[in-house]
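Work through the exercises below with the sequence and the model side by side. Each task is followed by a solution that proceeds step by step.

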Amino acid sequence: AEGKLREALAIRRRLADEVPDVPGYRLSLALAHRSLSVVLRRTHRLPDAEAELRAAVRLLTDLVADRAGVPDLRYKLAGVHSDLGVVLQDRDRLDEAEGAYREAVAVYATLADQFPVVVEYAIGAGGAYCNLGNVLRQTRRPAESLEWYDRAAATLEPVVNKEPRFEEAGQFLRNTLSGRSASRCEVNRYRDALADIDRVVELTEPGGLRVPPQMRRAFILVR
């Protein structure tokens, strides 16, 4: 799979270099960089994955500057910023990860406000809020993380309730509530933390949690 991705990347790079005035070629090249980064991250080659994502960011940033009126380009740029944040977080470069997530949040939030009927933009915004909350909690700022977890939950709950077929929204919401529960414990809001765990259980198929909900509840109750 990686070999084919690299072949496709080489072809798309040649097209983008030979015909730079065609935006579609540069977009295709950016997406090829992103696809390759997925394989590299899965095989634990994080520096290489980061390099591919940074290449995608550069290409998409230029495309957005040239064609700001195309919301799908901004959506793709926000997604790459989010991916970069994940890789940087995996590399324990948390300040840089936070910066990447804030870039994603800025783009996703604007898209969700401008196009409230586009479910994918709301899901992207909710996921970005959750990611930012996670890195803030990881850097021992639980109170600040709660602001972003709250925004994520407020964005994702309506999507999950109205459109349950969007599995990604459900996963983002479960991650949000799990993270928020942990942050609420850290600021001594144990009752609210229990409510989050109960909601996670409601959203999860039987046997789908690595840590049984009874253990999570017991841990909170003894705090």
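**Exercise 1. A residue in a surface patch**

Task: Determine whether Leu 15 is buried, partly exposed or exposed, and state which nonpolar patch includes this residue.

Solution. The model is a predicted one, and every value used here is computed from it. Leu 15 has a relative accessible area of 31%, and because the partly exposed class lies between 20% and 50%, the residue is partly exposed. In the chain, Leu 15 belongs to helix H1, which covers residues 2-18. On the surface, Leu 15 joins Ile 11, Val 19, Val 22 and Tyr 25 in a nonpolar patch of about 340 Å².

**Exercise 2. The search for disulfides**

Task: State how many disulfides the structure holds, and explain why Cys 130 and Cys 185 are not bonded to each other.

Solution. The starting point is that a disulfide is a covalent bond between the sulfur atoms of two cysteines. A search of the whole structure returns 0 disulfides. For Cys 130, the closest cysteine sulfur is that of Cys 185, at 16 Å, which is too far for a bond. Seen from the other side, the sulfur of Cys 185 has that of Cys 130 as its closest cysteine sulfur, again at 16 Å and too far for a bond. The cut-off for a disulfide is 2.5 Å between the sulfur atoms, so the distance of 16 Å rules the pair out. As to their surroundings, Cys 130 counts as buried at 2% relative accessibility, and Cys 185 counts as buried at 5%.

**Exercise 3. Salt bridges between separate parts of the chain**

Task: Give the number of salt bridges, then work out which parts of the chain are tied together by the pair Glu 2 and Arg 45 and which are linked by the pair Asp 83 and Arg 34.

Solution. As a general matter, side chains of opposite charge can pair when their charged atoms come close. With a cut-off of 4 Å from side-chain nitrogen to carboxyl oxygen, the count comes to 22 salt bridges.

Take Glu 2 and Arg 45 to begin with, whose side chains meet in a salt bridge at 2.5 Å, N to O. Glu 2 lies in helix H1, whereas Arg 45 lies in the loop between helix H2 (23-42) and helix H3 (46-66), so the pair ties together parts that are 43 residues apart in sequence. Glu 2 is partly exposed, with a relative accessible area of 22%, and Arg 45 is also partly exposed, at 28%.

Turn next to Asp 83 and Arg 34, whose closest N and O atoms are 2.6 Å apart in a salt bridge. Here Asp 83 is in helix H4 (residues 71-90) and Arg 34 is in helix H2, and the pair links distant parts of the chain, 49 residues apart. Asp 83 counts as partly exposed at 23% relative accessibility, as does Arg 34 at 24%.

**Exercise 4. A network of charged side chains**

Task: Identify which residues are linked with Arg 93 and Glu 96 in a network of salt bridges.

Solution. Begin with the pair itself: the side chains of Glu 96 and Arg 93 meet in a salt bridge at 2.8 Å, N to O. Glu 96 is partly exposed at 37% relative accessibility, and Arg 93 is partly exposed at 24%. The network that holds these two residues also takes in Glu 50, Arg 54 and Arg 91.

**Exercise 5. Three helices and the residues that follow them**

Task: For helices H4, H6 and H8, compare the computed length with the expected one, then describe the burial of each helix and the backbone after it.

Solution. Helix H4 has 20 residues and reaches 29 Å from its first C-alpha to its last, close to the expected 28 Å. Of these 20 residues, 14 are buried, so that H4 is mostly covered. Asp 92, which follows H4, has a positive phi near 65°.

Helix H6 (residues 119-138) also has 20 residues and a reach of 29 Å, close to the 28 Å expected at 1.5 Å a residue. H6 is mostly covered, with 16 of its 20 residues buried. Just after H6, Arg 140 takes a positive phi of about 65°.

Helix H8 (residues 167-186) spans 29 Å with its 20 residues, close to the expected 28 Å. Its buried residues include Leu 173, Leu 177, Arg 180 and Cys 185. Asn 188 follows H8 and has a positive phi, near 65°.

Definitions and conventions
Residues numbered from 1 in each chain as written. Predicted model: local features only at pLDDT ≥ 70, side-chain atom pairs only at ≥ 80, totals over all residues. Heavy atoms only, no water. Helix = DSSP H or I, 4+ residues; strand = E, 2+ residues; numbered from the N terminus. Expected span 1.5 Å × (residues − 1). Buried < 20%, exposed > 50% of the residue type's maximum accessible area, 1.4 Å probe, protein only. Patch = residues over 30% accessible without salt bridge, like charges linked within 9 Å, V, L, I, M, F, W, Y side chains within 5 Å. Areas by Shrake-Rupley, 256 points an atom, 1.4 Å probe, with all protein chains shown as cover.
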